[in-house]
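Subject: Structure handover, pockets and cavities

Hi,

Here is the structure you were waiting for. Please open it alongside this note. My findings on pockets and cavities follow.

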Amino acid sequence: MYWWITVNTATLQLSRLFYHGLSKGSLTMRTILLATAALLCVTATAFSIDVNVGPAVGVKGTVNTVAPGTGLKTGFAFNSMPDLGLTTRVMFDKDMGIGFLLDVEMTGYAYVMRPENEDFATDANTFVSRHSYINIAPAFYLGGLTLGVGILLPNGLTTKSIDGNNELAIVGTQASPVLEARIGAMIPLVRSSGGDLNLTIRGSYMLGGHFTDKVNYVLNSSNPQSAGLSLGLNYLFSVVK
């Protein structure tokens with residue numbers, strides 16, 4: 001009975017924190033990270049399960065999977081900034097390797113758009129779109145394999161030519177929240193009593209477009225939808241055993 005009261009009390013307090021932040025327009029990345037970590041730690045204590053929490057960093061390459069307009073070609077691009085976030089792992093059964101993951105991170109998707117005619121394509125008319133998101137991504141953890149979804153909340157967008165002299169403004173539509181499917185692996189590199197250093201590999205595929213509607217500007221008359229592959233590291237400190 002104690003665990004039920006403990007978890008529900010914590011949940012109520014954190015719900016009030018989120019509501020206050022939303023009502024005041026001050027729900028920040030820091031608030032989300034602290035509230036998520038606090039709830040998971042309280043839950044772990046109540047159920048006597050293992051919890052590891054720590055920073056994560058990764059590099060990601062992405063591509064637009066939707067065919068662009070006539071005479072255009074899309075291409076692969078690396079994000080200019082690494083993915084940065086906090087990873088929480090809750091192990092329900094260490095012997096069987098069964099658990100739950102939660103990543104809260106700043107992430108991005110980028111893709112190249114250029115003329116299909118190689119002779120006409122230049123650094124001045126080849127554009128790179130870079131979308132920034134806050135990503136809240138729960139996942140199942142099965143012996144190092146991970147399977148989950150990401151909730152992508154738009155946080156910024158730039159579309160610039162490779163030479164940096166031209167920038168396109170997106171008009172008539174807005175960046176849209178979107179879900180992504182995620183599958184990957186977490187491979188331990190170093191283990192100690194204080195925590196684990198892990199290599200992470202993850203593939204992702206957006207289940208919708210970047211925008212609320214089709215984009216109608218010079219380089220694209222469709223709604224771009226991206227897929228990505230990332231490689232990174234995390235260090236998970238032992239918080240609750």
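How many cavities of 30 Å³ or more does the structure hold? There are 2. Please keep in mind that this is a predicted model.

**Cavities**

The largest cavity has a volume of about 270 Å³. Its lining comprises 29 residues. Asp103, Glu105, Arg182, Thr200 and Arg202 lie nearest its centre. Many strands take part: β1, β4, β5, β6, β7, β8 (178-191), β9 and β10 each supply at least two lining residues. By class, the lining of this cavity divides into 14 nonpolar, 10 polar and 5 charged residues.

The second largest cavity has a volume of about 50 Å³. Lys60, Asp83, Glu105, Thr107, Asn135, Glu180, Arg182, Arg202, Ser204 and Ser230 line it. Its lining has no nonpolar residues. Instead, 4 are polar and 6 are charged. At least two residues each come from β5, β8 and β9.

Glu105, Arg182 and Arg202 appear in both places: they lie nearest the centre of the largest cavity, along with Asp103 and Thr200, and they also line the second largest cavity.

**Pockets**

The largest pocket holds about 310 Å³ of space. It is lined by 15 residues, and the closest to its centre are Asn52, Arg89, Met91, Lys94 and Asp196. The elements that give two or more residues to this lining are β1 (50-64), β4 (83-93), β9 (195-206) and β10 (226-240). Of these, β1 gives the most, with 3 residues. The lining has 4 nonpolar, 5 polar and 6 charged residues.

The second largest pocket has a volume of about 240 Å³. Its lining has 16 residues. Met81, Thr107, Gly108, His131 and Ser132 lie nearest its centre. Two or more lining residues come from each of β4, β5 (98-115), β6 (127-142) and β7 (145-161). Which element gives the most? That is β5, with 4 residues. By class, this lining has 6 nonpolar, 8 polar and 2 charged residues.

One residue to look at is Thr107. It lies near the centre of the second largest pocket, among the five nearest, and Thr107 also lines the second largest cavity.

Best wishes

Definitions and conventions
Residues are numbered from 1 along each chain as its sequence is written. This is a predicted model: local features need pLDDT of at least 70, side-chain atom pairs count only at pLDDT 80 or more; totals for chains, interfaces and linings use all residues. Side-chain values use heavy atoms; hydrogens and water are left out. On a 1 Å grid over the protein atoms alone, a cavity is a set of points where a 1.4 Å probe fits but cannot get out, and a pocket is an open set with protein on both sides within 12 Å along at least five of seven lines; lining residues have an atom within 4 Å of a point. Grid points are joined across faces, edges and corners, and a volume is the space filled by probe spheres set on the points. Ala, Val, Leu, Ile, Met, Phe, Trp, Tyr, Cys and Pro count as nonpolar, Asp, Glu, Lys and Arg as charged, and the others, Gly among them, as polar.
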